[in-house]
Amino acid sequence: AGPEGPRGARGPPGDRGLPGLKGNDGPKGWPGKKGKPVKKQNCRYGPWSEWETCSRSCGGGWKRRERKVRVQPSGGGKSCVGRDYEHRSCEGVEATACPDGSVIPANYSKGPDPRPMQKLKKPTQVSGKATVSKAIV
């Protein structure tokens, strides 16, 4: 056999094979630094919103306002005390009896409640709130 001849031109790359198997996991790292203790904070509400418009244009009705929690309790802090909403009866024109004489009863409980309207013989107004003294049954 004679001497080896010159090398030929390099050919195009072949198809890629399948990916290899996943290697072993490395060693477990050291524990991290101890976190800072959670600061104890009591719940705090933000400011009250403006009163919403009256639920009725006449015959009484209710207004509502609310407040959002500004700071959530953490680290064993106390929960917020009190409601996050309030209702009150409407005053002024909204509190006067409607043209048909209907009005929400003055002894109406706090908060919206779809109770039936009452017809009045004589609608009256005392300190901005409609009152019912002589209801027609």
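This is a short talk about one predicted protein model, going from the whole chain down to a few residues in strand β2.

Hi everyone, and thanks for coming. Let me start with how far we can trust the picture. Since this is a predicted model, I looked at confidence before anything else. The protein chain averages a pLDDT of 78, and 74% of the residues score at least 70. Over residues 109–137, though, the pLDDT is below 50, and that stretch still has 57 contacts in the model beyond near neighbours in sequence. Where pLDDT is low, the predicted coordinates should not be read in detail. I'll leave that part alone today.

Now the overall layout. What secondary structure does the chain have? There are eight strands and zero helices, so to speak β-β-β-β-β-β-β-β if you read along the sequence. The chain has 137 residues, and 22% of them count as buried. As for the surface, about 11800 Å² is exposed, with carbon and sulfur atoms supplying 52% of it. And if you take the contacts with a separation of 6 or more, 59% are between residues 24 or more positions apart.

Let's zoom in on strand β2, which covers residues 62–66. Two basic residues here caught my eye. Lysine 63 is in this strand, and arginine 65 has its place there too. Are they buried or exposed? Lysine 63 counts as buried because its relative accessibility is 18%, under the 20% cut-off. Arginine 65 is buried as well, with a relative accessible area of 18%.

What surrounds them? Setting aside close sequence neighbours, lysine 63 is in contact with Trp51, Glu52, Thr53, Cys54, Glu86, His87, Arg88 and Cys90. On the same basis, arginine 65 touches Trp48, Ser49, Glu50, Trp51, Asp84, Tyr85 and Glu86. So Trp51 and Glu86 turn up in both lists. With glutamate 86 there is something extra: the arginine 65 side chain makes a polar contact with the glutamate 86 side chain, at 2.8 Å.

Last topic, the aromatic rings. How many aromatic pairs are there in the whole structure? A search finds zero. Charges over rings do occur, however. The charged end of arginine 88 sits over the ring of tryptophan 51, 4.3 Å from its centre. Likewise, arginine 67 has its charged end over the ring of tyrosine 45, 3.8 Å from the centre.

That's my tour, and I'm happy to pull up any of these residues on the screen.

Notes. Residues are numbered from 1 along each chain as its sequence is written. This is a predicted model: local features need pLDDT of at least 70, side-chain atom pairs count only at pLDDT 80 or more; totals for chains, interfaces and linings use all residues. Side-chain values use heavy atoms; hydrogens and water are left out. Helices (H or I, at least four residues) and strands (E, at least two) are DSSP runs, numbered from the N terminus. Buried means under 20% relative accessible area, exposed over 50%, partly exposed in between (1.4 Å probe, protein chains only). Contact means heavy atoms within 4.5 Å. pLDDT is the predictor's confidence in each residue, from 0 to 100. Rings of Phe, Tyr and Trp (its six-membered ring) pair if their centres lie within 6.5 Å; planes under 30 degrees apart count as stacked, over 60 as edge-to-face and the rest as tilted. A charge sits over a ring if NZ of Lys or CZ of Arg is within 6 Å of the ring centre and within 35 degrees of the ring normal. Accessible areas come from the Shrake-Rupley method with a 1.4 Å probe; for residues, only the protein chains shown count as cover. A polar contact is a pair of N or O atoms within 3.5 Å; within protein, one must be able to donate a hydrogen and the other to accept it, and residues adjacent in sequence count only if both atoms are side-chain atoms. Lists of a residue's contacts leave out its neighbours within four places in sequence.
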